[in-house]
Structures are given as C-alpha cells and as structure tokens.
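Hi everyone, and thanks for making room for me today. I'd like to walk you through a structure that may be new to you, so let me put it up on the screen.

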Amino acid sequence: MPNDVRDLPASSDGLYRFLGGSPLSVAFRLILLSILVGVVLAAIGFDPWNILHSIRMLFQRLWDLGFDAVNWLWRYFLLGAVIVIPIWLLSRLFGAQRGR
C-alpha cells in the first residue's frame with residue numbers, strides 16, 4: 001500500500017510525534033503563547049530580570065488587596081444594612097400582625 005504509515009521515515013515521524021506537529025508550526029505557537037503569557041505577567045507586575053522579587057511583590061499586593069476588599073465590602077454592608085435591616089424588621093413586625 002502506498003499510503004501505509006510504515007512507508008514514512010521513522011526519524012521525522014518520531015520528531016513530529018514528540019513535538020506534536022511540524023517543528024516550524026510548534027515554534028510559531030510557542031512564540032505566540034510566550035508573548036501572550038508575557039503580556040499577562042507584565043500586567044500583573046512581573047519583571048523578567050528579577051522574578052523572585054516580582055513574585056514576592058505579587059503576593060504582597062494580593063495580601064493588601066485582600067484586606068482592602070474586606071474593608072470595601074464591610075463599608076458597603078454597613079451602608080446597606082442601615083436601610084435594609086430596619087425595613088426588614090418593620091415588615092416582619094407589621095406583617096406578622098396582619099397574618100394572624
């Protein structure tokens with residue numbers, strides 16, 4: 001059979017199988033993926049020349065952001081609770097008397 005897989009050269013077949021495609025297309029995909037990941041990491045604040053410092057600063061910023069988010073949520077909770085809880089309490093008090 002002319003289209004039999006055993007007729008192909010073994011060396012390029014192994015290379016294609018190892019890389020997951022032709023070397024040029026795999027290199028192109030890896031370059032694009034590296035650029036995309038680099039843009040995302042740069043947006044987070046990573047620096048390729050001092051990666052350990054960048055990782056430490058990322059965790060420090062996330063830690064600070066976490067406490068800022070809790071503070072932000074707490075302020076909005078208190079602001080909404082000033083309105084919601086009295087209305088809920090009044091509706092429970094007057095609603096319970098009407099139902100009986």
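Let me start with one residue, Ile85. At a relative accessibility of 47%, Ile85 counts as partly exposed, because that value lies between the 20% and 50% cut-offs. You can find Ile85 in helix H3. Ile85 also belongs to a nonpolar surface patch of about 1,000 Å². Its partners in that patch include Val82, Ile83, Val84, Trp88 and Phe94.

Before going further, a word of caution: what you see is a predicted model. The mean pLDDT of the protein is 81, and 84% of its residues reach 70 or more. Where is the confidence lowest, and where is it highest? The lowest is helix H1, residues 10-19, with a mean of 76, while helix H2, residues 23-44, has the highest, at 88. As a general reminder, predicted coordinates should not be read in detail where pLDDT is low.

Now let's step back to the overall picture. The protein has three helices and zero strands, so reading along the sequence gives you the pattern α-α-α. Of the 100 residues in the protein, 5% are buried. The protein exposes about 9,300 Å², and carbon and sulfur atoms supply 72% of that area.

Let's look for one of the buried residues. Ser54 sits in helix H3, which covers residues 51-99. Why does Ser54 count as buried? Its relative accessible area is 5%, and the cut-off for buried is under 20%. Leaving aside residues up to four places away in sequence, Ser54 touches Gly45, Phe46 and Asp47.

Staying in helix H3, we come to the aromatic rings. How many aromatic pairs are there? The count comes to three. One of them is formed by Trp72 and Tyr76, and this pair is edge-to-face, with 5.1 Å from centre to centre and 80° between the planes. Both Trp72 and Tyr76 lie in helix H3, four residues apart, which is about one turn of the helix. Tyr76 is partly exposed, with a relative accessible area of 48%.

Last stop: charges. In general, side chains of opposite charge can pair when their charged atoms come close. This structure holds one salt bridge. Which residue does Arg17 pair with? Its partner is Asp13, and the closest N and O atoms are 2.7 Å apart. Both Arg17 and Asp13 lie in helix H1, again four residues apart, or about one turn of the helix. Are these two buried or exposed? Arg17 is exposed, because its relative accessible area of 64% is over the 50% cut-off. Asp13 is partly exposed, at 26%.

To recap, then: we have a predicted model with three helices, a nonpolar surface patch that includes Ile85, a buried Ser54, an edge-to-face pair of Trp72 and Tyr76, and one salt bridge. Thanks for listening!

Terms used: Residues numbered from 1 in each chain as written. Heavy atoms only, no water. Helix = DSSP H or I, 4+ residues; strand = E, 2+ residues; numbered from the N terminus. Buried < 20%, exposed > 50% of the residue type's maximum accessible area, 1.4 Å probe, protein only. Contact = heavy atoms within 4.5 Å. Phe/Tyr/Trp six-rings, centres within 6.5 Å; stacked < 30°, edge-to-face > 60°. pLDDT = per-residue confidence, 0-100. Patch = residues over 30% accessible without salt bridge, like charges linked within 9 Å, V, L, I, M, F, W, Y side chains within 5 Å. Areas by Shrake-Rupley, 256 points an atom, 1.4 Å probe, with all protein chains shown as cover. Salt bridge = Lys/Arg side-chain N within 4 Å of Asp/Glu carboxyl O.
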